[in-house]
Structures are given as C-alpha cells and as structure tokens.
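Biologist: Hey, I'm new to this one. Can you pull it up and walk me through it?

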Amino acid sequence: MDNSFTNQYGSWAIICGASDGLGLELARECASKGLNCALIARRAELLNSIADQLKREYGVETRACPMDLMSDDATAQIEAIANDLPVGLFIINAGGDTVSTRFLESEMTAWRKFMQRNIDLLTESLHNFGTRFRKQGHGGIMVMGSDLAFSGAGRVSLYSASKAYAMNLIESLWTEWQGSNVDISYMVIGSTKTPKMLGILEHYGIDPTAIDLIEPEDLAKWAIANIDQGPTCVYDVDPTSMDPMTSPNARRERILRNTQIIDFFYGDLKADEDLLKNLKSGRNWK
Ligand SMILES: NC(=O)c1ccc[n+]([C@@H]2O[C@H](COP(=O)([O-])OP(=O)(O)OC[C@H]3O[C@@H](n4cnc5c(N)ncnc54)[C@H](OP(=O)(O)O)[C@@H]3O)[C@@H](O)[C@H]2O)c1
C-alpha cells in the first residue's frame, strides 16, 4: 500500500466548514485516503453524525469540534485541537459571503465579523500551522478560493477582497516555504452546488438548473488530488494555457520572478548583467 499521502498529511486533518457541501466532501476524501478527521462547523448534532458516518465508512478516527469560526477565540480553539492531535493537514473551506450587501449598505460591525473569519482567523491559522508543520517537517495547508479572487465586482466587495487576500498571502508563503516539505495551496473554484449556493438561488427565485453548478464531490476529488500543486490551482483550466490570470504555471513563474525582484531590492540577490537588465524596471509585467 502506498503510504505517501498519510506520511505527508497524516495522521489527522482539520477541516473548517465540514458539515455540508464541499467541506463534507473534502472530509470524506481525506478519510477515504486514511486521514483521521477533526471536523469544524457550528451545527453540533450534524457534525456528530458526520463524524460517526466517516468513522463507520472509512475506519478512521474522527472528532466533531463544534465552534463558530467568527468567534474571538476560534483561532485559540483550533490551536487547542492541534495541540491534542498529530495534525498534518489543515483545510479552510468555510469562507462564503455572510453579509451579501453592497459595501455601504451594511454597518462595519457586520463586515468586522466577516473579516474576523476570512482575514484574521485565516492569517493567524496559516501562521500557527505553518510554524507547526515546518517544525515537524511535513504537512499541508489548503484554502478554498473563488474566481472572485481575480477581480472585484459589485455586491461582493469584502468577499472578493478576502479571496484575493488569501490568494496573495498563500502565493507568498508558497515561495517562502520552498524546500520545507510543507505544501500550501489555494483552490480557485466557480459556482458550486453547495447548500449555501442552492439556498441563495432559492431565496432569489433563480432556477438552479439555469446555471452550470459544479458538483462538490468532483471539486473535492480534484482539490485533494492537487494539494501539492500549489500555490494557486484553478478548477477546469486548460493545463497548457499560459493565461496570466488563471494559469497555475504562469502564476508560479510570476511569483518566483517577483521574489527575485524583491530579493534584489533587499540585497540578497547579486544579479548578473542579464538578470539586472530584466529586473531593472522592478516591474514584472514589463
Ligand atoms: N458555493 C459556491 O458556489 C462557491 C463558489 C466559489 C467559491 N466558493 C467557496 O467554497 C467554500 C465553501 O462554500 P459554501 O458554498 O459551501 O459555503 P460556506 O458557508 O463557505 O461553507 C459552508 C460550511 O462552512 C461552515 N461554516 C460557515 N460559516 C461558519 C462559521 N462561522 N463557523 C463555523 N463553520 C462555518 C458551514 O457549517 P455550519 O453552518 O454548520 O456552521 C458549512 O459546513 C467557501 O470558501 C466559498 O467561498 C463557493
């Protein structure tokens, strides 16, 4: 039996937002590959029954960890779980828009709560798990992203901004963590048939069959299969494409090049004449 997956990401995975849709399928995929799963979401009863089901179906250990990821102590609660279990994989799935208005139509208190989960918790957790995994010499971090990371749009201001924030942060960490045996990936996906998405469509009277919704099972399989192909993976993109926005290869090349430019500015890269000519403008895209 090939143990490479469990050696790299075992023996426990923590999945934030694992009680339905894509998060549940990500947990199922982890369990099917032999990882024990700590499941985080707010609905405790549902989480307990999923924990029992995964244990029965895949013979792995599971733990239901009900919590609100928007609470002030969510990062500390996740750390407490990780202090108790040998964690090798950390997944943030929960990240959908919870405010869903135009920017000025909601008070800052509502946006603050959203940022607590999509910005603060994300940042602190990447710091905590990055430190932990680098120390133990193996591990993986995966964050579910969105096409809206690539551009802003009306009605999704902070959602789109938080998705771009996560993408740029992960791209930077990917280059900083080269050679550490810690994988980090940001999975860009489009409209998906999750309960949340179906709820939104129902609320606004939109026929869900009018839209090409991706099946969560398909996405989960793709995401876990590409966990080591970071930093940015885009679902359904032509692998030969070099489109600057969506091609994982083009993005990787640009990140490495930008890192060279920054290293040069910091005095860490002694550029030869050719490289200097290329780096001179300091502008990657020129
Ligand atoms: N669905 C789409 O069309 C679509 C498109 C592009 C990107 N995405 C991305 O895919 C990911 C999953 O999206 P989704 O549609 O399934 O909706 P979601 O609300 O981001 O995720 C649902 C899961 O997260 C949990 N959750 C949400 N808020 C939580 C909180 N404050 N504390 C603890 N758990 C919380 C939910 O469980 P509880 O309710 O039990 O807490 C559920 O298990 C998100 O990152 C989203 O941005 C989705």
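Modeller: Sure, and keep in mind it's a predicted model. Starting with the ligand, the shell around it has 9 nonpolar, 12 polar and 6 charged residues.

Biologist: Which residues come nearest to the ligand?

Modeller: Of the 27 residues around the ligand, the nearest are Gly17, Arg42, Ala94, Gly95 and Gly96. Helix H2 (21-32) and helix H7 (195-203) are the elements that give two or more residues to that shell.

Biologist: And which one gives the most to the shell?

Modeller: H2 does, with 3 residues.

Biologist: OK, on to strand S2. Is S2 enclosed or open, and why?

Modeller: S2 covers residues 36-41, and 6 of its 6 residues are buried, so it's largely enclosed by the rest of the structure. Asn36, Ala38 and Ile40 are buried on one side, and Cys37, Leu39 and Ala41 on the other.

Biologist: What does S2 run parallel to?

Modeller: Strand S1 (residues 12-16) is joined to S2 by 5 bridges, and the two run parallel. Trp12 has Asn36 as its bridge partner in S2. To get from S1 to S2 the chain goes through H2, in a right-handed β-α-β crossover. S2 also runs parallel to strand S3 (residues 62-66), joined by 5 bridges, and Cys37 stands opposite Thr62 there.

Biologist: Switching topic, how is the protein divided into domains?

Modeller: Domain 1 is 7-236 and domain 2 is 248-286. Their contact takes 8 residues from domain 1 and 5 residues from domain 2. On the domain 1 side, helix H6 (157-176) and strand S7 (232-234) each supply at least two residues.

Terms used. Residues are numbered from 1 along each chain as its sequence is written. This is a predicted model: local features need pLDDT of at least 70, side-chain atom pairs count only at pLDDT 80 or more; totals for chains, interfaces and linings use all residues. Domain bounds come from an automatic or database domain assignment. Two residues are in contact if their C-beta atoms, placed from the backbone, lie within 7 Å. Helices (H or I, at least four residues) and strands (E, at least two) are DSSP runs, numbered from the N terminus. A residue is near a molecule or strand if its C-beta atom, placed from the backbone, lies within 6 Å of it. Ala, Val, Leu, Ile, Met, Phe, Trp, Tyr, Cys and Pro count as nonpolar, Asp, Glu, Lys and Arg as charged, and the others, Gly among them, as polar. A residue is buried if 20 or more other C-beta atoms lie within 10 Å of its own, exposed if 12 or fewer, and partly exposed in between; C-beta atoms are placed from the backbone. Two strands pair if DSSP finds at least two bridges between them. A crossover is right-handed if, with the strands pointing away from the viewer, the path from the first strand over the helix to the second runs clockwise.
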